[in-house]
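Trainee: Please take a close look at one part of this protein, the contact between its two domains. What holds the two sides against each other in terms of pairs, area and residues?

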Amino acid sequence: MDKEREMFYGKRDVFAYRTYLKPLKDVRRIEESDFNGKSNVVFGINVSVKVGGEQFLPSFTQGDNSMVVATDSMKNFIQKHLGSYEGCTIEGFLAYTAQAFLNKYSHFESVEMKGEEIPFESARALTSTRLTESDVVFKHSRNETVAASCHYIRKEEKILLKSQQSSLYDLQLIKVSGNSFVGYIQDEYTTLPEDGNRPLFIYLNIHWQYHDKKLAYGEEAESYVAAEQVKDIAACVFHEQSTPSIQNLIYHIGLRILARFPQLKDVTFESQNRTWETVVGEIPGSAGKVYTEPRPPYGFQVFTVTHEDLVHHEGSALESHSTY
Ligand SMILES: O=c1[nH]c(=O)c2[nH]c(=O)[nH]c2[nH]1
């Protein structure tokens, strides 16, 4: 069968900053995280939108722009909708705006939106000799990136949510000891020595999907999974585990995320091995070493942990008396 023709257009890097968006409150607390919400005094987002529909064909083949909504207008549409959005999450804002596009332009057949948070954290303030968090000064943070995407389509007059995903990009974690990598195939191509205790540096992208996609919007805070909580779980599991490999580490992080948040269907990892190279292996009188950046190429892993994995793991863990 021929591949269906690709045809869409849109706008990338639409930046919008909203002050005093509704705060995210009353998220369910988990043991691994002290995250309890976001003030949303500054809510920054970099959005992309992709629009599809058969009626765009003449714009490509005949230069007929009569059905074209200028991408410049799409940019304005997105920014204006950040002003009228009444919720408190990236996921909710993207869903609100994607549906608004389909409602406004009846010839749009599909709208895909992605958004990356532009993070700000409150700066310090000295108020009557006490050091607190400022409620008006915020620091642009350059840590990992919180993101989301959604894909809505029009089908028989109805607007349907086809897919939704929440993500955390570029979480970079180093564990200085307690990691091994041994037992792999030794053959004529093997030069890597086995290591019973390596400093493991990983880059992680983590994506999660809900059983009920709409729970991602955060309208019921109790059922919302905050990226900050996912990040804290990843760090806690890394701390706890004696890791035999990155493959096994991400599996265990996935199990814990699914155990804490039964409303999630699956969690997908993209990991990268950025383990430092040793420069000074022994420092007299110190447990320390000196390392430098690894040289490319970098190894990577991709793995989806599903709800079934958790059920299976809990079944076998019951026998060995350890459980999530
Ligand atoms: O955790 C790891 N998994 C691998 O598959 C691998 N391969 C490699 O060279 N180092 C590592 N580390």
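Mentor: Between domain 1 and domain 2, 13 residue pairs are in polar contact, both residues at pLDDT 80 or more. That cut-off matters here, as the model is predicted. Five salt bridges are also counted between domain 1 and domain 2. Take Glu32 and Arg260: they form a salt bridge, and their closest N and O atoms are 2.8 Å apart.

Now the elements. On the side of domain 1 that touches domain 2, those giving two or more residues are strand 2 (24-25), helix 3 (90-104), strand 8 (145-155) and strand 9 (158-175). Strand 9 gives the most, with six residues. By type, this side of domain 1 divides into eleven nonpolar, eight polar and ten charged residues.

Next, the bounds. The domain assignment places domain 1 at 8-166 and domain 2 at 168-320. Each domain brings 29 residues to the contact: 29 from domain 1 and 29 from domain 2. The C-alpha centres of the two domains lie 28 Å apart.

Last, the area. About 2600 Å² is buried between domain 1 and domain 2. Carbon and sulfur atoms give 55% of that. Look at three residues on the domain 1 side: Arg28, Glu32 and Glu144. Together they supply 27% of the area that domain 1 buries against domain 2, more than any other three residues. Glu32 thus appears twice, in this trio and in the salt bridge with Arg260.

How values were computed:
Residues are numbered from 1 along each chain as its sequence is written. This is a predicted model: local features need pLDDT of at least 70, side-chain atom pairs count only at pLDDT 80 or more; totals for chains, interfaces and linings use all residues. Side-chain values use heavy atoms; hydrogens and water are left out. Domain bounds come from an automatic or database domain assignment. Contact means heavy atoms within 4.5 Å. Buried area is the accessible area (1.4 Å probe) that two parts lose on being put together, summed over both. A salt bridge is a side-chain nitrogen of Lys or Arg within 4 Å of a carboxyl oxygen of Asp or Glu. A polar contact is a pair of N or O atoms within 3.5 Å; within protein, one must be able to donate a hydrogen and the other to accept it, and residues adjacent in sequence count only if both atoms are side-chain atoms. Helices (H or I, at least four residues) and strands (E, at least two) are DSSP runs, numbered from the N terminus. Ala, Val, Leu, Ile, Met, Phe, Trp, Tyr, Cys and Pro count as nonpolar, Asp, Glu, Lys and Arg as charged, and the others, Gly among them, as polar.
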